[in-house]
Amino acid sequence: MTLIETFTDYVLNKKSLKDYVQYRKTTKERGEFNDAKLIQAQENLDRLKNEEPEVYEAMYATLNAIYIRNSGLTIEYPLEFVHQILKMYTGSLSPRDIHAEYTRVLDHYHHNA
């Protein structure tokens, strides 16, 4: 299994990204995110799950809907998901706002792919 396939497995199956960081240290491949970003993403996911479980589930439901459409490069789906998670709790947008922005991806995501 390639590193991106392993990363995808961790994201899709709601596995700890902190565990993924440890796994990645056993490989010679480089990932898209550095360790600190992945740890921050997991902390954001944990906070979201505790504080707003409906948004947490909705984010994953949107990710699954994107996969079902399968209208682009599947490698990008988990990467974009983590990018959205990293936006949470850093600016003025609430997690609900970020989810709303993320769902708009379904309207045009890789529309011309």
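**View 1. Phe7, Tyr10, Tyr20 and Phe33 make up one aromatic cluster.** Keep in mind that this is a predicted model, where local features need pLDDT of at least 70, side-chain atom pairs count only at pLDDT 80 or more, and totals for chains, interfaces and linings use all residues. Residues are numbered from 1 along each chain as its sequence is written, and side-chain values use heavy atoms, with hydrogens and water left out. What makes two rings a pair? Rings of Phe, Tyr and Trp (its six-membered ring) pair if their centres lie within 6.5 Å; planes under 30 degrees apart are called stacked, over 60 edge-to-face, and the rest tilted. By this rule, the count is 7 aromatic pairs. Tyr10 has a charged visitor too: the charged end of Lys15 sits over its ring, 5.3 Å from the centre. For that label, NZ of Lys or CZ of Arg has to be within 6 Å of the ring centre and within 35 degrees of the ring normal.

**View 2. Phe7 is among the residues with the most contacts inside the largest nonpolar core.** That core has 28 residues, and Leu17, Met59, Phe81, Val82 and Ile85 share the top spots with Phe7. Helices α1 (3–12), α2 (17–24), α3, α4, α5 (76–87) and α6 (95–103) each supply at least two of the core's residues. A nonpolar core is a set of buried Ala, Val, Leu, Ile, Met, Phe, Trp, Tyr and Cys residues joined through side-chain atoms within 4.5 Å. Buried means under 20% relative accessible area, exposed means over 50%, and partly exposed is in between (1.4 Å probe, protein chains only). Helices here are DSSP runs (H or I, at least four residues), as strands are (E, at least two), numbered from the N terminus. Skipping neighbours within four places in sequence, Phe7 is in contact (heavy atoms within 4.5 Å) with Leu17, Tyr20, Phe33, Leu38, Pro78, Leu79 and Val82.

**View 3. Glu52 sits in the loop between α3 (35–51) and α4 (53–69).** Is Glu52 buried or exposed? Its relative accessible area is 16%, so Glu52 is buried. The side chains of Glu52 and Arg96 are joined by a polar contact of 3.4 Å. Such a contact is a pair of N or O atoms within 3.5 Å; within protein, one must be able to donate a hydrogen and the other to accept it, and residues adjacent in sequence count only if both atoms are side-chain atoms. Not counting residues up to four places away in sequence, Glu52 touches Arg47, Pro95 and Arg96.

**View 4. The charged end of Arg47 sits over the ring of Tyr89, 3.8 Å from its centre.** Tyr89 is in the loop between α5 and α6, and is partly exposed at 23%. Its phi is near 65 degrees, a positive value in a residue other than glycine.

**View 5. Thr62 in helix α4 is in contact with Thr103, a residue of helix α6.** Leaving aside neighbours within four places in sequence, Thr62 also contacts His99, Tyr102 and Leu106. Thr62 is buried at 6%, while Thr103 is partly exposed at 24%.

**View 6. Confidence along the chain is highest in α3, at a mean of 98.** It is lowest in helix α7 (residues 105–108), at 77. These are pLDDT values, the predictor's confidence in each residue from 0 to 100.
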